[in-house]
Structures are given as C-alpha cells and as structure tokens.
Amino acid sequence: MQLTRVAEAKLPTQWGEFLMVGFEEISTQKDHVALVFGDISGDTPVLTRVHSECLTGDALFSLRCDCGFQLESALDAIAKEGRGILLYHRQEGRGIGLINKIKAYALQDKGYDTVEANEALGFAPDQRNFSFCADMLTLLGVDKIRLLTNNPKKVSVLSEAGIKITERVPLQVGRNPKNSHYLDTKAAKLGHLLGRS
C-alpha cells in the first residue's frame, strides 16, 4: 500500500453532498483526494472517475484541454447515478508539474503537439502513476467499478492492481476549436479512445 487514509469531511457541491476523503503518499507525503457520493458499499460496481489534476482546465476554465469539461460531466454523472467515486489524482500535467506544463504550453504555442512538447522538455509523454488510484479504491473498500474514462492505460493499470472493471464508460465532452488538435494527438499518439464529437 502506497497511501494512507488521513482525513475526511463533507463537501457540499452544486451536484449534492460528497464525502471528501484525503490520502497521503507514504514515501513523499503528497496528497490525493476522493469524492464519494452516496453508499458505495455492496457488490454492485461503483461508477468511478480517475481525474488527474489540471489547474488550468479544472479551476481556470481553459479551453486548451477537455479536463474541466470531464470533471463537471463526471461529477454530474455520479450524482445522477446516486452513488460513485471521483478520484482526484494530483499529478498535474500528466505528471510533469504545473510549471513544466506551462513550459509545454509555450512550446505548443510554437507548433509542438502535446506529446512533442513533453518530450522536448525531457519528459515521457505521460508520467502519471495510476497505481495510487487502485490503493485509494482499496482503502475505500471498493474493488469492482465501472470506469469513466477514454484512457486505456487507466483500465490496464487498475486491472493489473486487482480492481475489477466491469465496464469502460466513455467520457467525451468539451471538444472545441482550441483543443481539437490536442484531442486528436491524444488519440493518435497516446491511444485514447476518442471519437469525433
């Protein structure tokens, strides 16, 4: 187990009241959060979103990505379902951090795509570690989920860690003229399952 469960409190939102559960990485003390809606106990697979932190999309309304749109859509879907989990996975910029993400954006402004920009800065296209998310689910007592994602890497990592994924639920929202190239690159170079919407 790479994490400990350290704190929890109610989080009222426009979609209803979630339980916010805080986790801490044992080796680094970095933190992650789960938002739990309704009763997630029992054998029925829990609708779950692994959402990687994106300050620009989630909080600053950027149109360069689809992250903010996915966050809102996932919370809405979970609330409508009546139960579910959103894991807020704090590995900004596909794991390169906020400042490096801004540097990558500057390269994208010069014509690099999202993968080329990360590589030009000396990073892998995607450096995230999704195994933390499996640990969060285990600490929440959940081992069977319906995963809201377009990213097959999330499916494989969670499955390999012992989480049973009974269904991959697509989450294709927020395509616009500012992010179409970004989304097409994620599909072509990172294998994301994105149709034109």
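1. Let's start with a pair of residues in the middle of a ladder: Gly22 has Val33 of strand 3 as its bridge partner. That pairing belongs to a set of 6 bridges that join strand 2 to strand 3 (residues 31–37), and the two strands run antiparallel. Please keep in mind as you read that this is a predicted model.

2. Now step back towards the N terminus. Strand 1 (residues 3–13) pairs with strand 2 (residues 16–25) through 10 bridges, also in the antiparallel sense. If you would like one pair to find on screen, try Thr4, whose bridge partner in strand 2 is Glu24. The link is a hairpin, with 2 residues between strand 1 and strand 2.

3. The hairpin of strand 2 and strand 3 has 5 residues between the strands, and Gln29 there takes a positive phi. The value is about 65°, although Gln29 is not a glycine. As background, most residues other than glycine have a negative phi. Gln29 sits in the loop between strand 2 and strand 3, and with a relative accessible area of 48% it is partly exposed.

4. Phe61 is another one to check, with a positive phi near 65° in a residue other than glycine. You will find Phe61 in the loop between helix 1 (55–59) and helix 2. Is Phe61 buried or exposed? Its relative accessible area is 67%, so Phe61 counts as exposed.

5. Moving on along the sheet, strand 3 pairs with strand 5 (residues 84–89) in the antiparallel sense, over 5 bridges. Here the bridge partner of Ala34 is Leu87, in strand 5.

6. With those pairings in hand, the whole sheet is easier to follow. It is an open sheet of 7 strands in the order 1-2-3-5-4-6-7, and the pairing is mixed. Which are the edge strands? They are strand 1 and strand 7 (164–169), each of which pairs on one side only. From one strand to the next, the twist averages 25°. A general point may help when you inspect the side chains: in a regular strand they alternate between the two faces of the sheet.

7. Helix 2 (residues 67–81) lies across several of these strands: strand 2, strand 3, strand 4 (46–52), strand 5 and strand 6 (144–148). The helix runs at about 160° to strand 4. Asp76 is found in helix 2 and is partly exposed, at 27% relative accessibility. Asp76 and Gly16 are 60 residues apart in sequence, yet their C-alpha atoms are 9.4 Å apart in space.

8. The cysteines deserve a careful look. How many disulfides does a search of the whole structure find? The count is 0. Cys54 is in no disulfide, and the nearest cysteine sulfur, in Cys67, is 3.7 Å away. For Cys65, the closest cysteine sulfur is also in Cys67, at 3.6 Å, which is too far for a bond. The cut-off here is 2.5 Å between the sulfur atoms. Cys54 counts as buried, at 4% relative accessibility, and Cys65 counts as buried too, at 3%.

9. For a side-chain feature, look at Arg64 and Tyr105. The charged end of Arg64 sits over the ring of Tyr105, 4.1 Å from the centre of that ring.

10. Asn118 is in helix 5 (residues 114–120). Why does Asn118 count as buried? Its relative accessible area is 3%, and buried means under 20%. Leaving aside neighbours within four places in sequence, Asn118 is in contact with Gly93, Arg94, Ile96, Ala104, Phe123, Ala124 and Pro125.

11. Finally, there is helix 6 (residues 131–139), where Phe132, Cys133, Ala134, Asp135, Met136 and Leu137 are buried. Just after helix 6 comes Gly141, which takes a positive phi of about 80°.

Methods: Residues numbered from 1 in each chain as written. Predicted model: local features only at pLDDT ≥ 70, side-chain atom pairs only at ≥ 80, totals over all residues. Heavy atoms only, no water. Pairing = 2+ DSSP bridges. Helix = DSSP H or I, 4+ residues; strand = E, 2+ residues; numbered from the N terminus. Buried < 20%, exposed > 50% of the residue type's maximum accessible area, 1.4 Å probe, protein only. Contact = heavy atoms within 4.5 Å. Axes fitted to C-alpha atoms, helices over the stretch in contact; angles between N-to-C directions. Lys NZ or Arg CZ within 6 Å of the ring centre and 35° of its normal.
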